[in-house]
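The following note is offered to a colleague as a reading guide to the model shown below. Its points are numbered and may be taken in any order.

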Amino acid sequence: MLFEDRFAAGRGFLNHESPIADRWIERGGKRSCSHIRVRLKLFRNGLAILVLLTVPAISNASELKQETLNAWSDYLRTTNLRMHHNLATGHPFLWIEEESSRSQRVRQGEILISPAREDSPQKVHDGLIHDWIGAIFIPSVRINDVFAVVHDYDRYKDFYKPTVVESKLLGRTGEEYEFSMLGLKRVLFEKIVLEGQFESHCSQLDGRRRYCISYSTRVQEIKDYGQPDAHKLPTDEGHGYIWRLYSLTKFEERDGGVYIEVEAIALSRDISASVRWLTKPVVERVSRNSLSTILQLTREAIRSNIAACDGKDLKTRNYLQGSSSR
């Protein structure tokens with residue numbers, strides 16, 4: 001689709017974002033300042049998304065550069081040093097404990113999402129590093145209930161559909177896991193499909209606190225997914241929506257449930273400085289919503305898994321009771 005076609009389609013899409021307000025205006029109402037602000041915001045966000053989509057269309061495939069990868073490695077090195085320093089110095093284990101208001105909000109059921117750094121996304125050579133942190137509290141569950149879902153990689157395609165299309169556990173050694181995922185993301189007119197291979201290393205601090213470090217070892221874009229000529233692009237080539245992924249997840253059982261915190265870090269291609277001011281709010285909202293969705297779906301998967309196990313246990317108990325009465 002050409003840029004002019006995308007823009008025209010996007011403009012038509014935006015013109016139908018507020019049907020209630022439009023009907024009110026047709027009946028003689030006047031556009032309020034708030035309505036105008038809403039339409040301007042919708043136009044700005046829609047235009048920003050269109051810019052994001054048309055940049056790769058114009059420039060074709062991009063390639064991950066070594067300087068970008070070096071900056072990514074330096075960033076992760078600093079992140080890991082900070083984590084180990086906090087653990088060694090008695091720093092609060094959870095991010096939400098650093099401010100009492102955070103703990104209260106999460107304890108009351110809110111999914112709390114925030115940039116992990118003030119400058120996120122951070123500009124590096126020919127790339128952007130997105131660093132977000134999110135927290136959730138799941139009452140009336142145990143930490144083993146949580147890990148029964150977290151480590152069930154074969155069922156990620158069920159837990160996190162429709163974003164995760166396929167998932168598979170490739171191997172396990174102790175608390176070290178290797179798995180693969182095929183992810184699909186639709187952004188207006190684009191269908192982005194990535195196949196990734198990952199490793200996860202988990203550690204237990206004590207009976208109630210654990211953490212896992214997970215990272216991608218390979219990410220490949222699949223061009224024309226679902227078509228007869230579908231094929232994988234070479235590693236580190238493609239649109240560059242995601243070059244690398246890394247996450248630090250913490251778990252703590254207390255207060256009658258389990259707290260889960262995820263710091264999700266991603267490396268993507270850069271956005272031209274001339275349009276960065278326009279796209280930055282959209283990129284931030286996408287990052288925030290993605291992490292919030294992951295936490296929400298994790299909570300739902302844990303509760304569903306517990307309910308399914310309870311149902312099996314009840315059937316087993318009823319069967320045993322019936323057998324013993326014969």
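1. In which loop is Pro-162 found? Pro-162 is in the loop that runs between helix 7 (156-159) and strand 5, where helices are DSSP runs of H or I with at least four residues, strands are runs of E with at least two, and both are numbered from the N terminus. The peptide bond leading from Lys-161 to Pro-162 is cis, its omega being near 5°. As a background remark, most peptide bonds are trans, and most residues other than glycine have a negative phi.

2. On the basis of the note: this is a predicted model, in which local features need pLDDT of at least 70 and side-chain atom pairs count only at pLDDT 80 or more, while totals for chains, interfaces and linings use all residues. Residues are numbered from 1 along each chain as its sequence is written, and side-chain values use heavy atoms, with hydrogens and water left out.

3. On the overall composition: the protein has 8 helices and 12 strands. Of its 326 residues, 41% count as buried; buried means under 20% relative accessible area, exposed means over 50%, and partly exposed lies in between (1.4 Å probe, protein chains only). Among contacts (heavy atoms within 4.5 Å) with a separation of 6 or more, 63% are between residues 24 or more positions apart.

4. On backbone geometry: two residues that are not glycine have a positive phi of about 65°, namely Ser-140 and Asp-236. Ser-140 sits in the loop between strand 4 (127-139) and helix 6 (143-150), and its relative accessible area of 68% makes it exposed. Asp-236 belongs to the loop between strand 9 (231-232) and strand 10; at 18% relative accessibility, Asp-236 counts as buried.

5. On the disulfide: how many disulfides does the rule give? The count is 1, a disulfide being a pair of cysteine sulfur atoms within 2.5 Å. Cys-202 and Cys-212 form the bond, with an S to S distance of 2.1 Å. The torsion about their S-S bond is about 110°, and the disulfide is therefore right-handed. Because Cys-202 lies in strand 7 (residues 190-204) and Cys-212 in strand 8 (residues 209-223), the pair ties together parts that are 10 residues apart in sequence. Both Cys-202 and Cys-212 are buried. Cys-309, by contrast, is partly exposed, at 37% relative accessibility.

6. On internal space: searching the whole structure yields 1 cavity of 30 Å³ or more. Here a cavity is a set of points, on a 1 Å grid over the protein atoms alone, where a 1.4 Å probe fits but cannot get out; lining residues have an atom within 4 Å of a point. Grid points are joined across faces, edges and corners, and a volume is the space filled by probe spheres set on the points. The largest cavity holds about 80 Å³ of space. It is lined by 13 residues, of which Leu-194, Glu-221, Glu-237, Ile-242 and Trp-243 are the closest to its centre. Strand 7, strand 8 and strand 10 (237-238) are the elements giving two or more residues to this lining, and strand 8 supplies the largest share, 3 residues.

7. On helix 8 (residues 273-324): Thr-298 is found in this helix, and so is Asn-305. Which residues does Thr-298 touch, not counting those up to four places away in sequence? They are Tyr-160 and Ile-260. The side chains of Thr-298 and Tyr-160 are joined by a polar contact of 2.7 Å. Thr-298 counts as buried at 8% relative accessibility, and Asn-305 counts as buried at 14%. With neighbours within four places in sequence left aside, Asn-305 is in contact with Ala-148, Val-149 and Arg-155. For reference, a polar contact is a pair of N or O atoms within 3.5 Å; within protein, one must be able to donate a hydrogen and the other to accept it, and residues adjacent in sequence count only if both atoms are side-chain atoms.

8. On strand 5 (residues 164-173): Glu-166 has its place in this strand and is partly exposed, with a relative accessible area of 45%. Apart from neighbours within four places in sequence, Glu-166 contacts Lys-157, Ser-180, Met-181 and Leu-182. A separation of 9.6 Å lies between the C-alpha atoms of Glu-166 and Leu-184, which are 18 residues apart along the chain.

Definitions and conventions:
1 Å grid on protein atoms, 1.4 Å probe; cavity = no way out; pocket = protein on both sides within 12 Å on 5 of 7 lines; lining within 4 Å.
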